[in-house]
Amino acid sequence: MRVILLLIIAILAYSKTMLAKYSARFGIFKEVAIIKAKYEVNQTHYKISTYTTTTGFIKSIANVEQYYTSEGIVKNGILIPKKFIKLIIRHNHKKKYLAIYEFDYKNKKITKITYYNDKFAYKKNMPYFAKNDVLTLYFNLPKLLKNNHQTFKALGGEEHTGRVDVDILKKGKIIKIKANLYNKVFAGDKGILFLDINSSNWVTLKGKVLNVLKIGTLKGELKSFKLIP
């Protein structure tokens, strides 16, 4: 369920340490997944950790756990990723996939190191370089957005270029954003995410991906939020 990453993109806001829990629903089903996230930041470094697990009926046919981690430095209030880690465990098939992405700003390249079931598989450079991953891009948006429509580059965007398009659909107490990651996951899904964001703290309240599997809409909703000074 890589599509869950689309919902994880929009999780927290700026502060010291924040914890959030989201519930995801799909089509006619009730809750299909739970997303937990932690964001830690100080004046020099940050770390974003997310955990997703399937629930209910879906878990009986697809018992999947996903972990996404972004860590790096903070410069002039901007998050700069040094490493992005993706871990997917499919318990039904006894498969484990781990990808570690390392950012090399001096040589302008991102190196991907991949493991299958704890065994090294391959190491290669991504076909593009980006100064953001999809998690840092979300957190950096308040400082990067200058227009109602902008194109960015981020790890996790379009496969060959990293392209991500962001459109502001509505402004006010609730900012509505459309994000196109050009990263199609399921049939009928185009990798487009719609977000409702609280403008006062940049916390996403709701998110959705339309027409997944041509069956229904995948929706995520904030269930709990905790700020730790």
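**Overall layout and three local sites**

The protein chain comes with 3 helices and 14 strands. The model is a predicted one, and everything below is read from it. Of the chain's 229 residues, 47% count as buried. About 12000 Å² is left exposed, and carbon and sulfur atoms supply 53% of that area. As for how the chain folds back on itself, 42% of the contacts between residues at least 6 apart in sequence join residues at least 24 apart.

A good place to zoom in is Asp165, which is found in strand β10, residues 163-170. Asp165 is buried, because its relative accessible area of 4% falls under the 20% cut-off. Its side chain has polar company there: one polar contact goes to the side chain of Thr151, at 2.7 Å, and another goes to the side chain of Arg163, at 2.9 Å. Thr151 turns up again in the wider neighbourhood of Asp165. With neighbours within four places in sequence set aside, Asp165 is in contact with His149, Gln150 and Thr151, and also with Lys178, Ala179, Asn180 and Tyr182.

Tyr105 sits in another kind of setting, namely the loop between β6 (95-104) and β7 (109-116). Tyr105 counts as partly exposed, since its relative accessibility of 24% lies between the 20% and 50% limits. Once residues up to four places away in sequence are left out, Tyr105 touches Ile80, Pro81 and Lys82, along with Phe129 and Lys131. Pro81 also shows up on the polar side of things: its backbone oxygen lies 2.5 Å from a polar atom of the Tyr105 side chain. Then there is Ala130, 25 residues from Tyr105 along the chain, with 9.0 Å separating the C-alpha atoms of the two.

On to the surface, where Phe29, Phe57 and Ile61 form a nonpolar patch with about 300 Å² of accessible area together. Of this trio, Phe29 can be placed in the loop between β1 (17-26) and β2 (31-41). Phe29 is partly exposed, because its relative accessible area is 31%, and that value also clears the 30% threshold for patch membership.

Last, the aromatics. A search of the whole structure turns up 9 aromatic pairs. Tyr39, Tyr138 and Phe139 come together as one aromatic cluster.

Technical notes. Residues numbered from 1 in each chain as written. Predicted model: local features only at pLDDT ≥ 70, side-chain atom pairs only at ≥ 80, totals over all residues. Heavy atoms only, no water. Helix = DSSP H or I, 4+ residues; strand = E, 2+ residues; numbered from the N terminus. Buried < 20%, exposed > 50% of the residue type's maximum accessible area, 1.4 Å probe, protein only. Contact = heavy atoms within 4.5 Å. Polar contact = N/O pair within 3.5 Å; in protein donor to acceptor, adjacent residues only side chain to side chain. Phe/Tyr/Trp six-rings, centres within 6.5 Å; stacked < 30°, edge-to-face > 60°. Patch = residues over 30% accessible without salt bridge, like charges linked within 9 Å, V, L, I, M, F, W, Y side chains within 5 Å. Areas by Shrake-Rupley, 256 points an atom, 1.4 Å probe, with all protein chains shown as cover. Salt bridge = Lys/Arg side-chain N within 4 Å of Asp/Glu carboxyl O.
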